[in-house]
Amino acid sequence: MDSTNRPSAGLDNLAFRAALARGLVSRRSAMMGAAGLGAAAFLAACGSEGRNPTTPGTGAGTGAASAAPTAKAAQDMSDTEKIVNWSNWTEYIDVTDDGKSRPTIDAFTKETGIEVNYTEDYLDNDEFYAKVRPLLEGGEDTGRDVWCSTDWLVARLIRQGYVQKLDLANIPNAANLEDSLKNVEFDPGRVYSLPWQSGFAGIGYNLKATGGKKIESITQLLTDPALKGKVTLLTEMRDTVGLVLLEQGKDPANFTDADFDAAIAMIQQAKDAGQILKFTGNEYTDGLAKGDIAACIAWTGDVVQLQFDDENIQYALPEKGFTIWSDNFVIPAMAKHKKNAELLINYYYDPKVMAEVAAWVNYIPPVKGARDELVKIDAELGENPLIAPTPDVLSRSHVFRGLTPDEETKYNRAFQSIVTG
């Protein structure tokens, strides 16, 4: 997420559908029970019936929409208060070269008269959830009208009745949503959510900090003495553990407790050896750019953005596989400007607008026609496999399977014991 021009979903429909399967995975997701994710298998799993043929009721998002309690709603002040409060991840929208304004937001305000209070206070799904949950649980306004959560957290928010149904009458451009994302497992028919961006989790590194050495595998990241004390991993359990599972020859879409424990043990060993500096959300970008972090588990768009300013910043998609995900717009319970939030979502589902964002954030946009508009901005962006993945790249991408509530509790506890221990 961040720099100047970013490549769009320059994928054909088949490739795009496969790429967006992260829309059920992990930066954040989960739900795909297929065991080998070749391009064809990935595509099949992303079909109109949802992401994942898991047994109903077992995945984190399975049946979420139909079983969700009704979210509490506040009186909508949209007609009298022309504002919308939007929380998002850092470096996840277009900005001017001087960093002082966000062109698409400015254009939205000019077009609608609605002022956008845009806050980059979303660094990590768990951290953000911990911040808003007490308010949601108490039936209070979070001070936000819309935010972008990763698939697995959207599943939880729906299940708990913490997000409101979208009024598609206010979002006619939702018709531009890529077909493969219309019936995801955690939100069939997209009743509660619409995708914002998708991407991969792999390895980012700074050649100056690594002494010119390429970092191309998770084993190297966790054991190479040259990186000792200058490695960061993500606080996103599904991405960090998912990559380690793949390194150990396991499939994140189909693993056992023993497999998970082995992955945790590998991470713990690296921490005990002093290899790991810390665990982060996507604030790792600053340290990576400065060289304080030599190598890290990183999300594609973040690194692509850094590469515009520094050719020493490199990215590797591990040969043994990597994870793929989507972040999604949701409107929380008690939001005071629901209609304004829906008008904002509608605006970004215009292919031309989404292409402007894609040209900056360098993630995969979920809007039909965005890739063609992006080519008009910068044709070269459409050739970047991190933004327009090829079938070969997609064949190595994996989703992290849906978790039962008990598994989610158990796995998160084990992972957090390393993160905070």
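## Two loop residues with positive phi

Met334 is buried, with a relative accessible area of 18%; that figure falls on the buried side because the cut-off is under 20%. This is a predicted model, by the way, so take everything here as a reading of that model. Met334 belongs to the loop between β11 and α13 (338–348). Its backbone is a bit of a surprise: Met334 has a positive phi of about 70 degrees although it is not a glycine.

Arg190 is another one to look at. Here phi is positive too, at about 55 degrees, and again the residue is not a glycine. You'll find Arg190 in the loop between β5 (187–188) and β6. Despite its charged side chain, Arg190 is buried, with a relative accessible area of 3%.

## Strand β11 and its partners

Now for the strand itself. Thr323 sits in strand β11, which covers residues 322–330. Is Thr323 buried or exposed? With a relative accessibility of 0%, Thr323 counts as buried. Its side chain has company, though: a polar contact of 2.8 Å joins the side chain of Thr323 to the side chain of Asp239.

Strand β11 also brings in an aromatic residue, Phe329. Across the whole structure, a search turns up 23 aromatic pairs. One of them is Trp196 with Phe329: the ring centres are 5.3 Å apart and the planes are at 65 degrees, so this pair is edge-to-face. The two residues come from distant parts of the chain, with Trp196 in strand β6 (residues 194–206), Phe329 in strand β11, and their positions 133 residues apart. Trp196 and Phe329 are both buried.

## Arginines over rings

Which ring does the charged end of Arg238 sit over? That would be the ring of Trp152, with the charged end 4.1 Å from the ring centre.

Arg156 gives you another example. Arg156 lies over the face of Tyr129, and the distance to the ring centre is 4.7 Å.

## The largest pocket

If you like hunting for pockets, here's where to look. The largest pocket has a volume of about 160 Å³. What lines the largest pocket? From the lower-numbered stretch come Val304, Gln307 and Phe308, and further along the chain come Asp378, Glu380, Leu381 and Asn384.

As for chemistry, the lining of the largest pocket is a mix: 3 residues are nonpolar, 2 are polar and 2 are charged. Val304, Phe308 and Leu381 are the nonpolar ones, while Asp378 and Glu380 carry the charged label. Gln307 and Asn384 count as polar.

## Two aspartates in helices

Asp126 is part of helix α5, which runs over residues 125–137. At 22% relative accessibility, Asp126 counts as partly exposed. The C-alpha atom of Asp126 is 9.9 Å from that of Asn412, although 286 residues separate the two along the chain.

Asp261 belongs to helix α10 (residues 257–272). How does Asp261 count at 47% relative accessibility? Asp261 is partly exposed, because the exposed class needs a value over 50%. Its C-alpha atom and the C-alpha atom of Leu245 are separated by 9.8 Å, and along the chain these two residues are 16 residues apart.

Methods
Residues numbered from 1 in each chain as written. Predicted model: local features only at pLDDT ≥ 70, side-chain atom pairs only at ≥ 80, totals over all residues. Heavy atoms only, no water. Helix = DSSP H or I, 4+ residues; strand = E, 2+ residues; numbered from the N terminus. Buried < 20%, exposed > 50% of the residue type's maximum accessible area, 1.4 Å probe, protein only. Polar contact = N/O pair within 3.5 Å; in protein donor to acceptor, adjacent residues only side chain to side chain. 1 Å grid on protein atoms, 1.4 Å probe; cavity = no way out; pocket = protein on both sides within 12 Å on 5 of 7 lines; lining within 4 Å. Points joined across faces, edges and corners; volume = space filled by probe spheres on them. Phe/Tyr/Trp six-rings, centres within 6.5 Å; stacked < 30°, edge-to-face > 60°. Lys NZ or Arg CZ within 6 Å of the ring centre and 35° of its normal.
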